[in-house]
Amino acid sequence: MGWSMSVLFGFFLLPAFGVRHRPAPVAEHGVSASCDDFVRVTDAVFTGRTGAWFGVGGTRDYLGGDTFGPNALSIGGVDPAAYLASHCRPGRR
């Protein structure tokens, strides 16, 4: 019983030591992406920050650390650079 209580207690400590819960991004037209996860390099080129995911329907791809522009990627039939360029404007999330 002692070891099981230790494990259970450990699960409660995880959020206190860096395991962050990020709210799910709002999905538009089946796309789930957070503009805060991407840095605009030029009008149409983006770099994914650490933890950047881009998803369409059931297809998700990790784009953290990747730099991409139009016609470079297609995730679930959507070009992430084109989508971000049209949906991620200053002041918009």
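In the predicted model, T47 stands opposite T67 of strand β7, strands being DSSP runs of E of at least two residues and helices DSSP runs of H or I of at least four, both numbered from the N terminus. T47 belongs to a contact between strand β4 (residues 46-48) and β7 in which two bridges join the antiparallel strands, two strands being taken to pair if DSSP finds at least two bridges between them. These strands are part of an open, antiparallel sheet of three strands with the order β3-β4-β7, in which β3 and β7 (67-68) are the edge strands, each pairing on one side only. Residues are numbered from 1 along each chain as its sequence is written. Because the model is predicted, local features need pLDDT of at least 70 and side-chain atom pairs count only at pLDDT 80 or more, whereas totals for chains, interfaces and linings use all residues, and side-chain values use heavy atoms, with hydrogens and water left out.

A second antiparallel pairing, over four bridges, links β5 to strand β6 (residues 59-62), with W53 having Y62 in β6 as its bridge partner. The two strands form a hairpin with two residues between them, and G57 in the turn has a positive phi of about 60 degrees.

Helix α2 (residues 80-87) is largely enclosed by the rest of the structure, because six of its eight residues are buried, that is, under 20% relative accessible area, as against over 50% for exposed and in between for partly exposed (1.4 Å probe, protein chains only). The buried positions are P80, A81, Y83, L84, A85 and H87. At the start of α2, a side-chain oxygen of D79 comes to within 3.0 Å of the backbone nitrogen of A81.

The largest nonpolar core, a set of buried Ala, Val, Leu, Ile, Met, Phe, Trp, Tyr and Cys residues joined through side-chain atoms within 4.5 Å, has 16 residues, and F38, F46, F54, F68 and L84 are those with the most contacts inside it. Two or more residues are given to this core by β5 (53-56) and by α2, and the largest share, four residues, comes from α2. Beyond its neighbours within four places in sequence, F46 is in contact (heavy atoms within 4.5 Å) with F38, V39, R40, V41, D66, T67, F68, A81, L84 and A85.

D36 lies in the loop between β2 (31-32) and β3 (38-40) and is partly exposed, with a relative accessible area of 39%. The C-alpha atoms of D36 and R49 are separated by 8.4 Å, the two residues being 13 residues apart along the chain.

Conventions: A polar contact is a pair of N or O atoms within 3.5 Å; within protein, one must be able to donate a hydrogen and the other to accept it, and residues adjacent in sequence count only if both atoms are side-chain atoms.
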